Amino acid sequence: MSVNTYDAKAVTCTLDGRFLTGFAEGSMIECEKDEDNFSTKVSAQGDVGVAITNNTLGTVTITLAQTSPDVAYLNMLANTRKIVPIWVQNGSEKAGGTQAMVKKPANITLSDEIEDREFEIQVFDYSVA
């Protein structure tokens, strides 16, 4: 029997070489390719065709606590439209790309508790290793 462990503290996310901190509770980071690698079509007689998708776009969604020191930094990147690299890594899993942009500043919700700030980063050359 083999036991594997996971530690959220071992997850790293670098954006333009800066290590992001202050993640919110729950799902901190989500990485996803925007389209499937191929699509299929089956004819009336059962012939199968496969079309390769050449779309390299992906999305990394980062959820920070409103108290994170990186909220202002990500809002600034969104407002300046700067193209930067982003890499998310946990052990042997690595996702991201060398060219990405923060889509927009985070929505702001204020309450009597610490709220989340969510940022979508569009990755133009998304890959998973």
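This is a short chat about the salt bridges in a predicted model.

Me: How many salt bridges does the structure hold?
Reply: The structure holds 3 salt bridges.

Me: Which side chain does K82 meet in a salt bridge?
Reply: K82 pairs with D16, at 2.9 Å from N to O. K82 sits in the loop between α1 (71-80) and β7 (84-90), and D16 in the loop between β1 (12-15) and β2 (18-19), so the salt bridge ties together parts 66 residues apart in sequence.

Me: And are those two buried or exposed?
Reply: K82 counts as partly exposed at 40% relative accessibility. D16 also counts as partly exposed, at 29%.

Me: What about D70, which side chain does that one meet?
Reply: The side chain of D70 forms a salt bridge with R18, 2.7 Å from N to O. This pair links distant parts of the chain, with D70 in the loop between β6 (58-65) and α1 and R18 in strand β2, 52 residues apart.

Me: Why does D70 count as buried?
Reply: Its relative accessibility is 2%, and buried means under 20%. R18 is partly exposed, with a relative accessible area of 33%.

Me: Changing topic, where does K103 lie?
Reply: K103 lies in the loop between β8 (93-102) and β9 (116-123). The side chain of K103 meets that of E120 in a salt bridge, 3.3 Å from N to O. E120 is in strand β9, so this pair ties together parts 17 residues apart in sequence.

Me: How accessible are K103 and E120?
Reply: K103 has 45% relative accessibility and counts as partly exposed. E120, at 33%, counts as partly exposed too.

Technical notes
Residues are numbered from 1 along each chain as its sequence is written. This is a predicted model: local features need pLDDT of at least 70, side-chain atom pairs count only at pLDDT 80 or more; totals for chains, interfaces and linings use all residues. Side-chain values use heavy atoms; hydrogens and water are left out. A salt bridge is a side-chain nitrogen of Lys or Arg within 4 Å of a carboxyl oxygen of Asp or Glu. Helices (H or I, at least four residues) and strands (E, at least two) are DSSP runs, numbered from the N terminus. Buried means under 20% relative accessible area, exposed over 50%, partly exposed in between (1.4 Å probe, protein chains only).
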